[in-house]
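Reader: I would love a close look at one part of this protein: the second largest cavity and what surrounds that space. Could you walk me through what lines it, and then set it beside the largest one?

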Amino acid sequence: MKTQVCIIGGGPSGLMLSQLLHLKGIDTVVLERQSRAYVLGRIRAGVLEHGFAELMREAQCGERMDNEGEIHGGFHISNNGDMKRVDINKYSGGNSVVVYGQTELTRDLYEARDRMNGIVIHNVEDVKLHDLKAEKPHVTYRDGDDIIRIDCDYVIGADGFHGPSRKSIPSDVLKEYEKVYPFGWLGVLSRTKPVSDELIYAKHDRGFALCSLRSQVLSRYYIQVPLSDTVEDWSDDEFWTELRRRLPQEVADKLETGPSIEKSIAPLRSFVAEPMRYGNLFLAGDAAHIVPPTGARGLNSAASDIYYLYHAMLGHYLKGDDSGLEAYSQKALARVWKAQRFSWWMTSMLHTFPDNIEYDRRLQEIEMEYLFSSEAAMSSLAENYVGLPF
Ligand code: APR
Ligand code: PHB
């Protein structure tokens with residue numbers, strides 16, 4: 001098989017790039033290890049920054065997002081029960097975010113790929129990247145007993161944190177930065193009316209909690225839990241009781257509860273791999289960087305990678321200009337690190353850290369006080385939350 005751009009990974013990053021390139025006549029093949037049902041069964045976060053929403057529209061798959069997604073111009077931060085609103089619309093110069101589940105977004109991207117007869121091959125095994133430094137790289141995968149070879153100009157590693165792409169970069173070239181937080185988020189999805197129209201990020205001595213939503217009949221809640229906890233340690237009742245404790249009284253009182261339709265624990269991790277290019281391999285999204293979910297930056301850091309790569313590929317194929325490809329790693333990493341900084345800041349301010357000394361706890365309090373007393377601090381939060389420009 002032959003293609004121009006071989007994309008490894010059929011998550012949001014890989015599908016979005018494939019869709020954008022196809023619309024400009026650039027040929028791609030997407031290789032995905034899992035079945036489509038499996039990919040669409042994964043529950044992921046649900047806040048899209050303005051720039052990502054624009055990219056969905058450019059990819060001609062923004063229709064359902066625009067109809068069903070909710071525009072949010074603010075959210076709330078609660079500090080041990082004392083809740084205040086963050087007006088991101090006002091402090092970001094009129095910007096907002098779209099609340100729309102990443103699972104739905106991935107479904108829209110798959111449907112768009114189907115409409116255009118895009119090639120997405122599922123259930124591929126043993127994906128291997130070859131000759132990345134040569135003029136023409138190739139990728140192989142196993143289908144039953146057959147080894148299939150794909151010749152291409154470029155390989156895109158959009159295969160998430162555990163995929164083979166990043167691991168194909170020699171260890172003396174690749175530098176990895178990692179911070180693992182000493183807690184996770186226990187998340188519950190329930191078919192209940194969301195407790196609040198806008199998200200609530202709740203800092204509490206018992207641990208952080210978040211009230212989010214997917215629609216007016218589907219709620220998503222999280223509580224901070226020790227890394228040693230498992231899903232089995234938490235019955236639905238225990239979850240709701242603990243969530244209530246961490247919310248302001250007036251919110252807890254109106255919390256509608258119900259059976260969980262999904263319950264999982266996600267560890268909190270920050271990770272960056274540099275560089276994001278090796279020869280003709282370009283990394284994008286979770287393959288190159290991970291953020292803790294606190295600042296809702298996960299998908300949004302992937303968005304700028306895709307935007308830069310898309311334009312770099314257009315430069316190469318439509319204008320014979322490789323400057324975008326040359327600049328990719330540096331440009332993408334500059335924005336990635338800013339998203340890391342913001343996610344680290346939100347995470348540090350809002351969580352309970354087991355090893356914090358009294359001094360750290362006072363600083364956390366002051367951080368919050370400063371935020372709500374300074375327009376400059378609010379603007380900094382708002383511009384990062386809606387997404388820094390690409
Ligand atoms: N071969 C082919 N595909 C693979 C392989 C492999 N060996 N390993 C992993 N994959 C696939 C995964 O099954 C997954 O569908 O790559 C895809 C990567 O998708 P994501 O993990 O969703 O990563 P990405 O597309 O970059 O999306 C980033 O997802 O995890 C969130 O917070 C993150 O919101 C962000 C978004
Ligand atoms: C979610 O809805 O899953 C969600 C929202 C905001 C976050 C993280 C997760 O910061």
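Author: Helix 10 (298–319) and helix 11 (323–350) each supply at least two residues of the lining of the second largest cavity, and helix 11 contributes the most, with three residues. Helices here are DSSP runs of H or I with at least four residues, and strands are runs of E with at least two, both numbered from the N terminus. This is a predicted model, in which local features need pLDDT of at least 70 and side-chain atom pairs count only at pLDDT 80 or more, while totals for chains, interfaces and linings use all residues. Residues are numbered from 1 along each chain as its sequence is written, chains are lettered from A and ligands numbered from 1 in the order in which they are written, and side-chain values use heavy atoms, with hydrogens and water left out.

The lining of this second cavity is made up of E49, R297, N300, S301, R335, K338, A339, N384, G387 and L388. A cavity is a set of points, on a 1 Å grid over the protein atoms alone, where a 1.4 Å probe fits but cannot get out, and lining residues have an atom within 4 Å of a point. The space inside is about 80 Å³, a volume being what is filled by probe spheres set on the points, which are joined across faces, edges and corners. By class, four of the lining residues are charged, four polar and two nonpolar; Ala, Val, Leu, Ile, Met, Phe, Trp, Tyr, Cys and Pro count as nonpolar, Asp, Glu, Lys and Arg as charged, and the others, Gly among them, as polar.

Now for the other cavity you asked about. Searching the whole structure gives four cavities of 30 Å³ or more, and the largest has a volume of about 100 Å³. Its lining has nine nonpolar, two polar and one charged residues. Among them are W185, L199, Y201 and Y222, together with R214 and P293. Strand 15 (residues 209–215) provides the largest share of that lining, three residues. Two domains also meet around the largest cavity: domain 1 (5–70 + 97–178 + 269–350) and domain 2 (181–268 + 352–385) each give at least three residues to its lining, with the domain bounds coming from an automatic or database domain assignment.

Definitions and conventions. 1 Å grid on protein atoms, 1.4 Å probe; cavity = no way out; pocket = protein on both sides within 12 Å on 5 of 7 lines; lining within 4 Å.
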